[in-house]
Amino acid sequence: MEEKGEGMLPAPSPDITLPSCSLAQSLWALFTSSLAISLVFAVIPFCRDVKVLASVMALAGLAMGCIDTVANMQLVRMYQKDSAVFLQLPVPMAVLMLLSKERLLTCCPQRRPLLLSADELALETQ
């Protein structure tokens with residue numbers, strides 16, 4: 001029998017059950033969290049005190065965490081054992097795709113400059 005070392009967690013049980021949450025409840029949580037984030041970003045310019053700003057930003061972080069949690073829970077519910085691919089792969093791939101589209105990857109040479117040279121810009125404006 002192996003001993004658990006410091007910082008090692010026990011293996012998760014294969015019979016993981018998700019809390020019973022209907023799709024309607026998940027959509028309502030996503031809607032209210034999105035609305036809260038929108039309101040927070042509308043209120044931020046009017047925060048004159050750092051403590052108020054910190055609490056408003058904490059509310060935005062809570063809402064973003066709620067969105068992440070509900071979305072991950074629905075992915076696990078839909079794809080079960082195959083959900084790891086959706087939880088880990090899309091974000092880095094999407095970031096790489098966007099970076100390559102904007103030609104911001106340093107490992108890929110740029111085919112054409114992102115900005116027009118001063119001469120080309122002067123010709124286009126005349």
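Let's start where two helices touch. In this predicted model, Leu23, Ser26, Ala29, Leu30, Ser33, Ser34, Ala36, Ile37, Val40, Phe41 and Val43 of helix H1 are in contact with Val56, Leu59, Ala60, Ala63, Met64, Cys66, Ile67, Val70, Met73 and Gln74 of helix H2. Sorted by class, this contact of H1 with H2 holds 17 nonpolar residues, four polar ones and no charged ones.

How do the two helices sit against each other? Two packed helices are described by the angle between their axes and the distance between those axes. Here H1 (residues 23-43) and H2 (residues 50-79) pack at about 155°, and their axes lie 9 Å apart. Because an angle over 145 degrees counts as roughly antiparallel, H1 is roughly antiparallel to H2. Their crossing is left-handed.

Now take a look at one residue of this contact, Ser33, which belongs to helix H1. Is Ser33 buried or exposed? Its relative accessible area is 6%, so Ser33 is buried. Apart from neighbours within four places in sequence, Ser33 touches Ala63, Cys66 and Ile67. Those three residues are also listed among the H2 residues that meet H1.

Finally, a word on annotation. The unreviewed UniProt entry gives the label "transmembrane region" to residues 27-46 and 52-71. Here is what the model shows for each span:

| Span | Helix | Strand | Distance between end C-alpha atoms |
|---|---|---|---|
| Residues 27-46 | 85% helix | 0% strand | 30 Å |
| Residues 52-71 | 100% helix | 0% strand | 29 Å |

Technical notes
Residues numbered from 1 in each chain as written. Predicted model: local features only at pLDDT ≥ 70, side-chain atom pairs only at ≥ 80, totals over all residues. Heavy atoms only, no water. UniProt positions renumbered as here; feature names shortened; annotations may be inferred. Helix = DSSP H or I, 4+ residues; strand = E, 2+ residues; numbered from the N terminus. Axes fitted to C-alpha atoms, helices over the stretch in contact; angles between N-to-C directions. Parallel < 35°, antiparallel > 145°, perpendicular 65-115°, else oblique. Left-handed = near helix turned anticlockwise from the far one by under 90°. Contact = heavy atoms within 4.5 Å. Nonpolar A, V, L, I, M, F, W, Y, C, P; charged D, E, K, R; others polar. Buried < 20%, exposed > 50% of the residue type's maximum accessible area, 1.4 Å probe, protein only.
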